[in-house]
Amino acid sequence: MSDSVVTEESGVDENVDSTESQENTQESVKSAEEVLTEDLQRLQADYSNYRKRVDRDRAVAYELAVASVLNELLPILDDLDRARIHGELEGGFKSVADQIENAVTKIGLVKFGEAGTPFDPQIHEALMHLTSTEVTEVTATEILQKGYKYKERVLRPARVTVTDPE
């Protein structure tokens, strides 16, 4: 049942339904609560995405820094390889060379380039070109200088002699 109120100024009957006004108030409170909840969820999602992006950027920056340091060590590793080939690694210097090579391997540096493998321009740099009947496909027949990778990134391609079939 609704209360009927007659105002003195207008003389008009106004129907005031107390249950309707309570329902409207409850609906407006619920809608305000839903809006705030949606805003909070959106803010939490934005923060989560920001954190993931920062973590990803930090990992990329770390990998680039390590790759840069390893790139500077490549000439030293080449010198150690040449000294080993010529038999000049002896005594204490041999153990230092082994420790350096083990350290860069532990970090993730991988040496690649084997003679007789098919030529791949993404990991090989052709310095000389030959033809032969002994090969059936374009082949890296001689490795002039080994290549190096860190994770999936090629720091330096293997420098090779390429042999084509006749």
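## Exercises on a predicted model

Val-96 has a relative accessibility of 38%, so it counts as partly exposed. The structure is a predicted model. The exercises start from this residue.

**Exercise 1. Place Val-96 in its helix and find the nonpolar surface patch it helps to make.**

Step 1. Locate the residue. Val-96 lies in helix α2, which spans residues 91-107.

Step 2. Check the accessibility. Patch residues must have over 30% relative accessible area. Val-96 passes because its value is 38%.

Step 3. Name the partners. Phe-93 and Ile-100 join Val-96 in a nonpolar patch of about 240 Å².

**Exercise 2. Decide whether Thr-163 is buried or exposed, then describe its surroundings.**

Step 1. Locate the residue. Thr-163 sits in strand β9, residues 158-165.

Step 2. Apply the cut-off. Buried means under 20% relative accessible area. Thr-163 has 4%, so it counts as buried.

Step 3. List contacts, leaving out residues up to four places away in sequence. Thr-163 then touches Leu-130, Thr-131, Ser-132, Val-135, Glu-137, Val-138, Thr-139 and Thr-141.

Step 4. Look for a polar link. The side chains of Thr-163 and Thr-141 make a polar contact of 2.8 Å.

Step 5. Compare sequence and space. Thr-133 is 30 residues from Thr-163 along the chain. Their C-alpha atoms are 9.5 Å apart.

**Exercise 3. Repeat the burial test for Thr-161 and list its contacts.**

Step 1. Thr-161 is also found in strand β9.

Step 2. Its relative accessible area is 1%, so Thr-161 is buried.

Step 3. Residues up to four places away in sequence are again left out. The contacts of Thr-161 are Met-128, Leu-130, Thr-139, Ala-140, Thr-141, Glu-142 and Leu-144.

Step 4. Cross-check with Exercise 2. Leu-130, Thr-139 and Thr-141 appear in the lists for both Thr-161 and Thr-163.

**Exercise 4. Describe the largest nonpolar core and say which element supplies its largest share.**

Step 1. Give the size. The largest nonpolar core has 14 residues.

Step 2. Pick out the residues with the most contacts inside it. These are Leu-70, Leu-74, Leu-77, Leu-109, Tyr-150 and Leu-155.

Step 3. Assign the elements. At least two core residues come from each of α1 (18-85), α2 and β7 (147-150). The largest share, 7 residues, is from α1.

Step 4. Follow one member. Beyond four places in sequence, Leu-109 touches Leu-70, Leu-74, Leu-77, Val-104, Tyr-148, Lys-149, Tyr-150 and Leu-155.

Step 5. Set the other core apart. A second, separate core has 5 residues, among them Phe-112, Ala-140, Ala-158 and Val-162. Ala-140 is also one of the contacts of Thr-161.

Note on methods
Residues are numbered from 1 along each chain as its sequence is written. This is a predicted model: local features need pLDDT of at least 70, side-chain atom pairs count only at pLDDT 80 or more; totals for chains, interfaces and linings use all residues. Side-chain values use heavy atoms; hydrogens and water are left out. Patches are made of residues with over 30% relative accessible area and no salt bridge: like charges are joined within 9 Å, nonpolar side chains (Val, Leu, Ile, Met, Phe, Trp, Tyr) within 5 Å. Accessible areas come from the Shrake-Rupley method with a 1.4 Å probe; for residues, only the protein chains shown count as cover. A salt bridge is a side-chain nitrogen of Lys or Arg within 4 Å of a carboxyl oxygen of Asp or Glu. Helices (H or I, at least four residues) and strands (E, at least two) are DSSP runs, numbered from the N terminus. Buried means under 20% relative accessible area, exposed over 50%, partly exposed in between (1.4 Å probe, protein chains only). Contact means heavy atoms within 4.5 Å. A polar contact is a pair of N or O atoms within 3.5 Å; within protein, one must be able to donate a hydrogen and the other to accept it, and residues adjacent in sequence count only if both atoms are side-chain atoms. A nonpolar core is a set of buried Ala, Val, Leu, Ile, Met, Phe, Trp, Tyr and Cys residues joined through side-chain atoms within 4.5 Å.
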